[in-house]
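I opened my notebook to look up how the protein meets the DNA. I took one strand at a time and wrote down what I found.

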There are 2 protein chains.
Amino acid sequence: MTVRALYHYDEIGLLSASERTPAGHRRYTEHDLRRLYRVRALRALGLSLEEIAGVLDGAADDPGSMRDLLTAQLRRLDEHAELIGVLRQRIRGLLRQTGDSSGPDPDRLMTTLELMSVFETYFTAEQRERLAERRDALGGEGLEAAKREWTGLVEEGLRLMETGVPADDERARDLVRRWDALAGGFHPDGPEGERTRAAARRMWRDNSAEIGRSLPWPAERMAGLVAYLDQARESG
Amino acid sequence: MTVRALYHYDEIGLLSASERTPAGHRRYTEHDLRRLYRVRALRALGLSLEEIAGVLDGAADDPGSMRDLLTAQLRRLDEHAELIGVLRQRIRGLLRQTGDSSGPDPDRLMTTLELMSVFETYFTAEQRERLAERRDALGGEGLEAAKREWTGLVEEGLRLMETGVPADDERARDLVRRWDALAGGFHPDGPEGERTRAAARRMWRDNSAEIGRSLPWPAERMAGLVAYLDQARESG
DNA sequence: GCTACGACCTCTCCCAACGGGAGGTTCAAG
DNA sequence: CTTGAACCTCCCGTTGGGAGAGGTCGTAGC
């Protein structure tokens, strides 16, 4: 304990010395000391000074308030621990992405960071959770297969678009169908799935440059492809 | 994101709009936006704005700084998680103490809180850890047995003291030996054990009233007993 | 009795990351 | 032209104290 903390407790009315010497020096009585012990113990449990004041001053009125406060604190700590777990997972994922063998690749890391933020802008927390569930359900090799299939679709789409095939051509519309079917594996079922699909399309439309940066094709070509596919989808 | 956060980032120089309209309104360019995405993503990992500014502005100089920062953050999160685990254990222990069947017993809880603080005043963190290890090693029934034995010693000591047996009497000195032997089971071996023993004696001497409150005997009798045993120990 | 030095007092500013509001300007739509 | 929303700057508030200025008190040694 520092003397400054005692002054602070005095200021906020949590604990004041009940006596003063004529010169104004604080005299902490036995009673004050016992209160200080309780304050310190409760602080050591992570409670705020306000909560401590509440439970120490109101404990006489409500003998159960202490238990309530402690159970509430336990819940808070649980939530906090869960949050920390999530953050740890995220950071480990990021470190894995660059750490293995590819050497230090800060660009890739930066791009991933940007995408994280974009992702969080367009999907709600629950939607992101559902998407993560589906992705995990696909498994590692399923994910790889989907990636390869999607790469093929992108190449095919770029060929169609850049050879002048109009967006309402049957070939383009068929490509969109296969594209959406592949994407469907990542979205949940039912109306919620439709909402995440719509959010994903908005994200692509608004940020194809951002997203394209993380892909092997130039951003402008991807942006063009997205617009082309949107046209094809609407024409169907 | 609130606009207020953007103003804040501008104030601290983390992210300012690179253009302004003639009227003074901020215009965030594409480039600014990308920086904002990175800031938000890093914030979502629990990094401080200062750290983010450092890594974003210095990343060109040192491509590994990002990895270093993330691993450091991972370590911090680990420590934090461990701390939360400790706090949870403590709170669960406190709730167990009053929750089982004895009904709401806020007095007992308060006394325990005071003792926690006293305990932390006299023992260092490492010492408390060693003591907890020894206590756990004793096991539940071992602890109960020690408690019963110690209750007997207290009763015997109170009898001796209150029937006027002088502290340098052999019976008192023998009691002290058994008392210290019993306490020895809780202290570590070697010189460190001697230090915790000394700390425990100081704690008893200074706070017998506090500690006595948690025991079935009146605090004054316990205080007297402690003084009596100290005399007997010194006379040996 | 004097003096030195430590301990104490009040008062003020500082930290992180914004939130909220006052009071004034600007923008875009009707 | 008006109106309402959005934007601007400036300032105070939050938590739990830390740091320091500038002054007073108390006690120990000489």
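**Entry 1: classes near strand C.** I sorted the residues of the surface near DNA strand C by class. I got five nonpolar, six polar and five charged residues. The model is predicted, so I treat each distance below as computed from it.

**Entry 2: who surrounds strand C.** I looked up the neighbours next. DNA strand C has 16 residues around it. The closest are Tyr7(A), Arg26(A), Thr2(B), Arg4(B) and Arg43(B). Both chains appear in that list.

**Entry 3: which part of strand C faces the protein.** I took the atoms of DNA strand C within 4 Å of the protein. Of these, 77% belong to sugar or phosphate, and the rest belong to bases.

**Entry 4: polar contacts of strand C.** I noted three distances to phosphate oxygens. For Arg20(A), an N or O atom in the side chain is 3.1 Å from a phosphate oxygen of DNA strand C. For Arg26(A), a backbone N or O atom lies 2.8 Å from a phosphate oxygen. For Tyr9(B), a polar side-chain atom lies 3.2 Å from a phosphate oxygen. Then I checked the elements. H1 of chain A and H1 of chain B are the ones that give two or more residues to this surface. Which of them gives the most to the surface near DNA strand C? I found that H1(B) does, with four residues.

**Entry 5: on to strand D.** I repeated the search. There are 17 residues around DNA strand D. Thr2(A), Tyr9(A), Arg43(A), Tyr7(B) and Arg26(B) come nearest. By class, I wrote down five nonpolar, six polar and six charged residues for this surface.

**Entry 6: sugar, phosphate or base?** I looked at the atoms of DNA strand D within 4 Å of the protein. I found 76% in sugar or phosphate and the rest in bases.

**Entry 7: polar contacts of strand D.** The side chain of Tyr9(A) has an N or O atom 3.2 Å from a phosphate oxygen of DNA strand D. A polar backbone atom of Arg26(B) is 2.9 Å from a phosphate oxygen. Arg4(B) reaches a base: an N or O atom of its side chain is 3.5 Å from a base nitrogen of DNA strand D.

**Entry 8: elements near strand D.** I listed the elements that each supply at least two residues here. They are helix H1 (3–11) and helix H3 (49–58) of chain A, together with helix H1 (3–11) of chain B. H1(A) has the largest share, four residues.

Methods. Residues are numbered from 1 along each chain as its sequence is written. Chains are lettered from A and ligands numbered from 1 in the order in which they are written. This is a predicted model: local features need pLDDT of at least 70, side-chain atom pairs count only at pLDDT 80 or more; totals for chains, interfaces and linings use all residues. Side-chain values use heavy atoms; hydrogens and water are left out. A residue is near a molecule or strand if one of its heavy atoms lies within 4 Å of it. A polar contact is a pair of N or O atoms within 3.5 Å; within protein, one must be able to donate a hydrogen and the other to accept it, and residues adjacent in sequence count only if both atoms are side-chain atoms. Ala, Val, Leu, Ile, Met, Phe, Trp, Tyr, Cys and Pro count as nonpolar, Asp, Glu, Lys and Arg as charged, and the others, Gly among them, as polar.
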